[in-house]
Amino acid sequence: QARTLISYERKNDPVPERIDAFLSMDYSLNWPWHREAPMQGGWLVVRPSLSVFREYVSIVREGNWTGGFDNDSGWGREGYGGWIGSAAIQGIVAYYYGRHHRSP
C-alpha cells in the first residue's frame, strides 16, 4: 500500500518490485557542458547490502578519480567530477548508480 502514496515523475514507467537506492540528482550544481550530474548529497535512501557496500568500497579504494572540469574528469574519468563534493558523496554515489547500477 505504501507504493500508492509515492508520487513518481515518470508515471508510465514500471516501478521495480525492489528499490535498493533512491536518490536525487542536483542539476543546479552541474556545468552546462557536463554529460553527468552530481547526486544531491543531502538526500539519499539506501537498502543495506553487504555486497553493494563491498563493491562501493572497492571503487573508493581503487581511487580512480581525476580532478578537472571536463567530461573526462571525476570518477572513472567519465565526467563525475568538477563540482563541489565530486570526490566525495556527490560524485561517488552519482558514479556508482549512474555507471555501475543504473536504473532501467
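Of the 104 residues in the protein chain, 25% are buried. The model is a predicted one, and what follows describes that model. Its accessible surface comes to about 7400 Å², with carbon and sulfur atoms supplying 56% of that. The C-alpha trace spans about 45 × 35 × 25 Å along its principal axes. On the charge side, there are 11 positive and 11 negative charges, and the mean positions of the two sets sit 5 Å apart.

As for the fold, the chain has 2 helices and 4 strands, strung along the sequence as β-β-α-β-β-α. Among contacts with a separation of 6 or more, 46% join residues that are 24 or more positions apart.

Helix 1 covers residues 50–62. Its 13 residues should span 18 Å at 1.5 Å a residue, and the end C-alpha atoms are indeed 18 Å apart, so the two values agree. Just after this helix comes Gly63, with a positive phi of about 70°. Helix 2, at residues 89–100, has 12 residues and reaches 15 Å from its first C-alpha to its last, close to the 16 Å expected.

What does helix 2 bury, and against what? Its buried residues are Gln90, Gly91, Ile92, Val93, Ala94, Tyr95, Tyr96 and Gly98, and they pack against strand 1, strand 2, helix 1 and strand 4. Several of these turn up again in the largest nonpolar core, a set of 10 residues made of Met39, Ile59, Trp75, Tyr80, Trp83, Ile92, Val93, Ala94, Tyr95 and Tyr96. Helix 2 provides the largest share of this core, with 5 residues. As a rule, nonpolar side chains in soluble globular proteins tend to be buried together.

Met39, one of the core residues, is a good place to see how the pieces meet. Setting aside neighbours within four places in sequence, Met39 is in contact with Leu23, Ser24, Met25 and Asp26, with Leu44, and with Ile89, Gln90, Val93 and Ala94. One of those partners, Gln90, lies in helix 2. Gln90 has a relative accessible area of 17% and therefore counts as buried, the cut-off being under 20%. Beyond its sequence neighbours within four places, Gln90 is in contact with Pro38, Met39 and Gly41, and also with Trp83, Ile84 and Gly85.

The pairing of Phe22 and Trp43 gives a view of the first two strands. Phe22 is in strand 1, which runs over residues 21–25, while Trp43 is found in strand 2, residues 39–46. Neither side is fully covered: Phe22 is partly exposed at 39% relative accessibility, and Trp43 is partly exposed at 40% relative accessible area. Leaving out neighbours within four places, Phe22 is in contact with Trp43, Leu44 and Val45. Seen from the other strand, the corresponding list for Trp43 is Phe22, Leu23 and Ser24. The C-alpha atoms of Trp43 and Ser24 are separated by 6.8 Å, with their positions 19 residues apart along the chain. Phe22 also has a distant partner in sequence to compare with: Tyr97 is 75 residues apart from Phe22 along the chain, yet their C-alpha atoms are separated by 9.9 Å.

The loops hold a couple of details worth a look. Ser73 lies in the loop between strand 3 (65–66) and strand 4. Is this loop residue buried or exposed? Ser73 is buried, with a relative accessible area of 1%. Not counting residues up to four places away in sequence, Ser73 touches Thr66, Gly67 and Gly68 on one side of the sequence, and Glu78, Gly79, Tyr80, Gly81 and Gly82 on the other. One of these, Tyr80, belongs to the largest nonpolar core. The C-alpha atoms of Ser73 and Ser86, 13 residues apart along the chain, are separated by 9.8 Å.

Arg77 sits a little further on, in the loop between strand 4 (74–75) and helix 2. Its phi is near 55°, a positive value in a residue other than glycine. With a relative accessible area of 45%, Arg77 is partly exposed.

How values were computed. Residues are numbered from 1 along each chain as its sequence is written. This is a predicted model: local features need pLDDT of at least 70, side-chain atom pairs count only at pLDDT 80 or more; totals for chains, interfaces and linings use all residues. Side-chain values use heavy atoms; hydrogens and water are left out. Buried means under 20% relative accessible area, exposed over 50%, partly exposed in between (1.4 Å probe, protein chains only). Contact means heavy atoms within 4.5 Å. Accessible areas come from the Shrake-Rupley method with a 1.4 Å probe; for residues, only the protein chains shown count as cover. Lys and Arg count as positive and Asp and Glu as negative; His and the chain ends are not counted. The place of a charge is taken as NZ of Lys, CZ of Arg, CG of Asp or CD of Glu. The expected span of a helix is 1.5 Å times one less than its number of residues. A nonpolar core is a set of buried Ala, Val, Leu, Ile, Met, Phe, Trp, Tyr and Cys residues joined through side-chain atoms within 4.5 Å.
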